[in-house]
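Okay, thanks everyone, I'll keep this short. Let me put the sequence and the model up, and then we'll walk through it together.

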Amino acid sequence: MWMVSPPVGIFQYTKKLFLSRPVGRAQALEFVRKNAANALSMANLIVGLSSILCSLNRQYHCSCWLLLVGFLLDLADGAVARQLNACSALGAKLDDFADFTSFGLATALLLQPHGVLDGLLAITYVLAVFARLCFFSSGIPFTYRG
């Protein structure tokens with residue numbers, strides 16, 4: 001007869017998370033409420049990465065459409081977070097990373113830099129997006145009206 005040993009390490013915590021007690025409808029709805037904006041940010045991140053792949057495969061038309069979808073997802077995640085009162089530190093960082101991917105890296109690749117000067121301008125653009133997101137998320141006051 002086989003003996004089952006108790007779960008060790010991460011499996012012990014996973015077992016506690018999923019098997020500790022049945023989740024009620026109210027708890028499931030609360031989980032969805034807290035993570036709806038994070039799901040939209042993750043969708044924005046996936047769309048941004050897909051846009052990067054399209055740009056690398058010279059499918060610039062698809063890349064442009066994906067960036068438009070990413071823009072709409074970025075508008076939606078902030079609105080959903082405020083509407084559901086589900087703002088969190090994780091959500092803010094996730095949104096910043098998704099914005100940097102979609103509007104920094106993907107947009108710079110869409111510019112199709114071919115020469116040294118074009119490459120330097122694309123790098124400058126990515127650094128400007130990065131600096132703007134760092135200032136915006138750090139709480140350092142600066143005048144941005146957008």
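**Five-minute tour of the chain**

So, starting at the N terminus, the elements of the chain run α-α-α-α-α. That's five helices and zero strands. Keep in mind as we go that this is a predicted model.

A couple of overall numbers first. The chain has 146 residues, and 25% of them are buried. If you take the contacts with a separation of 6 or more, 71% of those are between residues 24 or more positions apart.

Okay, on to the core. Which residues make up the largest nonpolar core? There are six of them: F100, A108, A122, V126, V129 and L133. The elements that give two or more residues to this core are α4, which is 89-110, and α5, which is 116-138. Of those, α5 has the largest share, with four residues.

Let me stop on L133 for a second, as one of the core residues. Leave out its neighbours within four places in sequence, and L133 is in contact with D96, D99 and F100. F100 is in that core list too, but hang on to the two aspartates, D96 and D99, since they come back with the pocket.

Right, the pocket, which is probably what you folks want to hear about. The largest one has a volume of about 640 Å³. It's lined by 25 residues, and the closest to its centre are D77, D95, D96, D99 and F136. As for where the lining comes from, the elements giving two or more residues are α2 (25-56), α3 (60-83), α4 and α5. The largest share there is from α4, with seven residues. And by type, the lining divides into eleven nonpolar, six polar and eight charged residues.

Last thing, the cysteines. How many disulfides does a search of the whole structure find? Zero. Take C64: its closest cysteine sulfur is the one in C62, and that's 9.4 Å away, so it's too far for a bond. For reference, the cut-off for calling a disulfide is a pair of sulfurs within 2.5 Å.

And is C64 buried, exposed or partly exposed? C64 is partly exposed, with a relative accessible area of 41%. C134 is partly exposed as well, at 34%. To be in a nonpolar core a residue has to be buried, and buried means under 20%, so at 41% C64 doesn't qualify, and at 34% neither does C134.

That's my tour, happy to take questions.

Definitions and conventions: Residues are numbered from 1 along each chain as its sequence is written. This is a predicted model: local features need pLDDT of at least 70, side-chain atom pairs count only at pLDDT 80 or more; totals for chains, interfaces and linings use all residues. Side-chain values use heavy atoms; hydrogens and water are left out. Buried means under 20% relative accessible area, exposed over 50%, partly exposed in between (1.4 Å probe, protein chains only). A nonpolar core is a set of buried Ala, Val, Leu, Ile, Met, Phe, Trp, Tyr and Cys residues joined through side-chain atoms within 4.5 Å. Contact means heavy atoms within 4.5 Å. On a 1 Å grid over the protein atoms alone, a cavity is a set of points where a 1.4 Å probe fits but cannot get out, and a pocket is an open set with protein on both sides within 12 Å along at least five of seven lines; lining residues have an atom within 4 Å of a point. Grid points are joined across faces, edges and corners, and a volume is the space filled by probe spheres set on the points. Ala, Val, Leu, Ile, Met, Phe, Trp, Tyr, Cys and Pro count as nonpolar, Asp, Glu, Lys and Arg as charged, and the others, Gly among them, as polar.
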